[in-house]
Amino acid sequence: MGPLPGVAGLADRPVDQVRVARVMAAVALVLAALAAGLVERLLATADLEPDGGPMLRALLSAPRPPRTPPARVAVVLVDGLRVDEARALPSWRALAATAQTGALALETPTLSRPFQHVAFTGVPSHASGVRSNRFVARARHASVMDEVRDAGGQVFIVGEGLDWIRRMHGRPQDGGSDAEDALGAPLDEALAAFSAAAPPALLVVHPVSVDGTAHAGGVHSDAHRDALARADEVIARVAAAGTALFVLSDHGHRDAGGHGGPEPEVARAPILARAPGVGAFSDAVSPNRVAPTLARALGVAEPRHGSEPAVGEAAGPDHERASSLVEAGRRASRMRLSVRRRWTALLAVVWLVMTLGPIKRAFGFDRSVPAALALWPGVVMALHLTLGRPLSLSAIDGRLPHALRVLALGATAALIVVALGFALGTGPRGLRLRRAAACVGWSAAASALAAGAYVGFALGPWPLGPLERYLPLLIAGAAGGGLAVVAAALLAGGRADPAPAPSPVE
């Protein structure tokens, strides 16, 4: 019997397995590029503003009147300083005798720019949408700096070679410096101008080398200890000005370096206040309360969009209204996420089922297929954990090192599972290699697609948990490395035994 006519006859046509392997290798390379694009897409959406942010701006525009006399307040925000490190600093121990001390319980992701937004506006990240260090725009809500200027006061910002706070909260008329040597003579000049300024006046000093050295070599390195000593000296110099003083941090670090996740050493940050009228701190101070507490010490109006009062004070009608708006925005975002997940998940399932057909038609299925299809994502996560990296944003110790590590994890996992599939398979060597590689490629592409569909192909403005924020980035990034290995294996399988095409089914 000859081949059947029409569409039905397609199933009886001979398959050139080598040619199919080459086509699949090209497709794998395209999918590897798409996986990298998915990572970039997810990162680009992390700071999308949820519904609650515009609601706060539209409905809470009236200023909240100050309740204390104007004053000068200095803030030292030591980037990346852990609670245990802060409490061991000589300057901290000296100040603690006459100050309130405690710890901030941070919302994830525990990153610098989200904290810098909430600490000076009082608006939590899940309402502002500021969730990543990619956010480079001005603050989305009124800040303590705005209230100081509105009261006729002056603002000074000193950043150690980093202008993040100035870009988010600064104005052209603000004093200070963001030069590399800003903690030297420029800090002395800013301190002198700040001390001479009529109240209210706000000085924000931002040492960053503690964070940089933790990223580079962990918290036990010599460089990190040197950075802690320099931060201690800065705190002592600012404290000597004799004004009201706040010392705090934006996040901690894992021992090996890295932050962003919910780990206790990362998600708790130290806070100290030497200022009259500030309530007692606990070991779980909400970061939403930092801005109104600063405003109270400064004697200016609270930032008008904050949802919590100053430390030691009860919530008023404005705070309750803001909290209601924030919660309404969360509910709306969650509902939209639920709808988006449903249709993206349906598309993902359809694609996954359809793409199994060409693999079966070209190379057939045997006992190696279940292992090759299922194991790749599990091996990626096992290798990740074996390296001592958590399944959270705290695994990102540096952007480029992390990206290269994730690509290597995906490639290594693909090599392991392809080798296993090859060992379990049946048939000629080339066929076993092609079949195993094709199945692993399907697994990597399917895992990345499923991870992206689960979060609706966006990290914001959805109310995602720590694992939901990190796993799609990990799986999609690893898929790029895995699919590159798959392409190489498919081409190698084509050269192993380019057997003649099989005869049509009789």
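Me: In this predicted model, does Arg149 count as buried or exposed?
Reply: The relative accessibility of Arg149 is 15%. The cut-off for buried is under 20%. Arg149 therefore counts as buried.

Me: Which residue meets Arg149 in a salt bridge at 2.6 Å, N to O?
Reply: Arg149 lies in helix α7 (residues 144–150). The partner lies in the loop between α8 (164–169) and β4 (175–177), so the pair ties together parts that are 25 residues apart in sequence. The partner has a relative accessible area of 9% and is buried. The residue is Asp174.

Me: What separates Asp222 and Arg225 in helix α11?
Reply: The two form a salt bridge, with the closest N and O atoms 2.2 Å apart. Asp222 is exposed at 53% relative accessible area, and Arg225 is partly exposed at 44%. Both sit in helix α11 (residues 222–239), 3 residues apart, so the separation is about one helical turn.

Me: Which residues do salt bridges with shared partners join into one network?
Reply: Asp174 and Arg149 meet in a salt bridge. Both belong to the network. Its members are Asp146, Arg149, Arg171 and Asp174.

Me: Is Asp84 buried or partly exposed?
Reply: Asp84 meets Arg82 in a salt bridge (3.0 Å, N to O). Arg82 is buried, at 8% relative accessibility. Asp84 has a relative accessible area of 45%. Buried needs under 20% and exposed over 50%, so Asp84 is partly exposed.

Me: How many salt bridges does a search of the whole structure find?
Reply: The pair Arg82 and Asp84 is a salt bridge, and so is the pair Asp222 and Arg225. The search of the whole structure gives 16.

Notes. Residues are numbered from 1 along each chain as its sequence is written. This is a predicted model: local features need pLDDT of at least 70, side-chain atom pairs count only at pLDDT 80 or more; totals for chains, interfaces and linings use all residues. Side-chain values use heavy atoms; hydrogens and water are left out. A salt bridge is a side-chain nitrogen of Lys or Arg within 4 Å of a carboxyl oxygen of Asp or Glu. Buried means under 20% relative accessible area, exposed over 50%, partly exposed in between (1.4 Å probe, protein chains only). Helices (H or I, at least four residues) and strands (E, at least two) are DSSP runs, numbered from the N terminus.
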